[in-house]
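Good morning, colleagues. Please have the structure open as I go through a few of its residues.

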Amino acid sequence: MKKRLTALLCAAMLTAALPVLAWAEEEAEGPTETADGGAAPLADAQDRSIGSRPANADNSDGSCSLFGETTASSFTIISTTEVADEYDEALKGMPSYQVIAQEATKKMEFLVVLSGAYADCNTLEVHVRPNTGSAGVAKTFEVTKPAGVEAFDFTSEIFNLGDQTGGNTYGADLILTFVPSKVDAGSAPSAEAGSADGAGVKSPKTGQGAGTAAGTSAVLLTGAGAAALALRRKIRG
């Protein structure tokens, strides 16, 4: 499945110069976003067989790209203004996504690529909130990455959505909100937290140092390419 995510990142390299990345599967037109930020249902979702379903979306300024894949009849990722904790003011304005899976049989695998204002961040605080009727549990956890690796990766096992047994499936409708930050050398808990070679982007939850925004398609191209190469190295050993 990680090879499929690598393929998605390679495709992002070819299209990163475009102002908007539009990803759709050939079998059906992708979903649209409703007025309240939710996902409009796929017209043929009930007719689709269970298989490998990749999806991805960018936040409003392109500084955060979320790539995901699972085995399901339908899998959708949509950028939204809704946040995982509506009472946490620090999450407002952070990159946030609605993730919807129907008849899923495997865990969801995710990659997050940061660029622009978040390019120097090496720590990602992830907030998860399942909507009513969704499988999974509310969770907040932290993902770090070593120096030289551009993508954060995690799976839905962290919030209790793993591989199913037999013919069992699950349905998920989640809000994921990310808080990127820079961990300085003195506060990094281990090498896994990445490098800290100067001031990073200010996190609204940690108040750490601010960086300079880049926000260009060239940055996204570089980030996606580096992430693809890093993931290939990880797969090979």
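Asparagine 160 lies in the loop that runs between strand β8, residues 151-155, and strand β9, residues 170-181. I should state at once that this is a predicted model. With a relative accessible area of 55%, asparagine 160 is exposed. Its backbone deserves attention as well: asparagine 160 is not a glycine, yet its phi is positive, at about 70°. For context, most residues other than glycine have a negative phi.

A positive phi also appears at glutamate 103, again not a glycine, with a value of about 50°. Where does glutamate 103 sit? It is found in strand β4, which covers residues 96-104. Glutamate 103 counts as partly exposed, because its relative accessibility is 38%.

Let me turn to the surroundings of this glutamate. Leaving aside residues up to four places away in sequence, glutamate 103 touches Ile50, Thr71, Ala72, Ser73, Thr169 and Tyr170. Two of these partners merit a closer description. Threonine 71 is 32 residues away from glutamate 103 along the chain, and the C-alpha atoms of the two are separated by 8.3 Å. With serine 73 the interaction is polar: the side chain of glutamate 103 makes a polar contact with the side chain of serine 73, at 3.0 Å.

I come now to the cysteines. How many disulfides does the model contain? The count is zero, the criterion being a pair of cysteine sulfur atoms within 2.5 Å. Why does cysteine 64 form no such bond? The closest cysteine sulfur to that of cysteine 64 belongs to cysteine 121 and is 9.9 Å away, so the two are too far apart for a bond. Seen from the other side, cysteine 121 is in no disulfide either, its nearest cysteine sulfur being that of cysteine 64.

Are these two cysteines buried or exposed? Cysteine 64 counts as buried because its relative accessibility is 0%. Cysteine 121 is likewise buried, with a relative accessible area of 1%.

To close, I would ask you to keep two items in view. One is the pair of positive phi values, at glutamate 103 and at asparagine 160. The other is the pair of buried cysteines, 64 and 121, with their sulfurs 9.9 Å apart.

Note on methods
Residues are numbered from 1 along each chain as its sequence is written. This is a predicted model: local features need pLDDT of at least 70, side-chain atom pairs count only at pLDDT 80 or more; totals for chains, interfaces and linings use all residues. Side-chain values use heavy atoms; hydrogens and water are left out. Buried means under 20% relative accessible area, exposed over 50%, partly exposed in between (1.4 Å probe, protein chains only). Helices (H or I, at least four residues) and strands (E, at least two) are DSSP runs, numbered from the N terminus. Contact means heavy atoms within 4.5 Å. A polar contact is a pair of N or O atoms within 3.5 Å; within protein, one must be able to donate a hydrogen and the other to accept it, and residues adjacent in sequence count only if both atoms are side-chain atoms.
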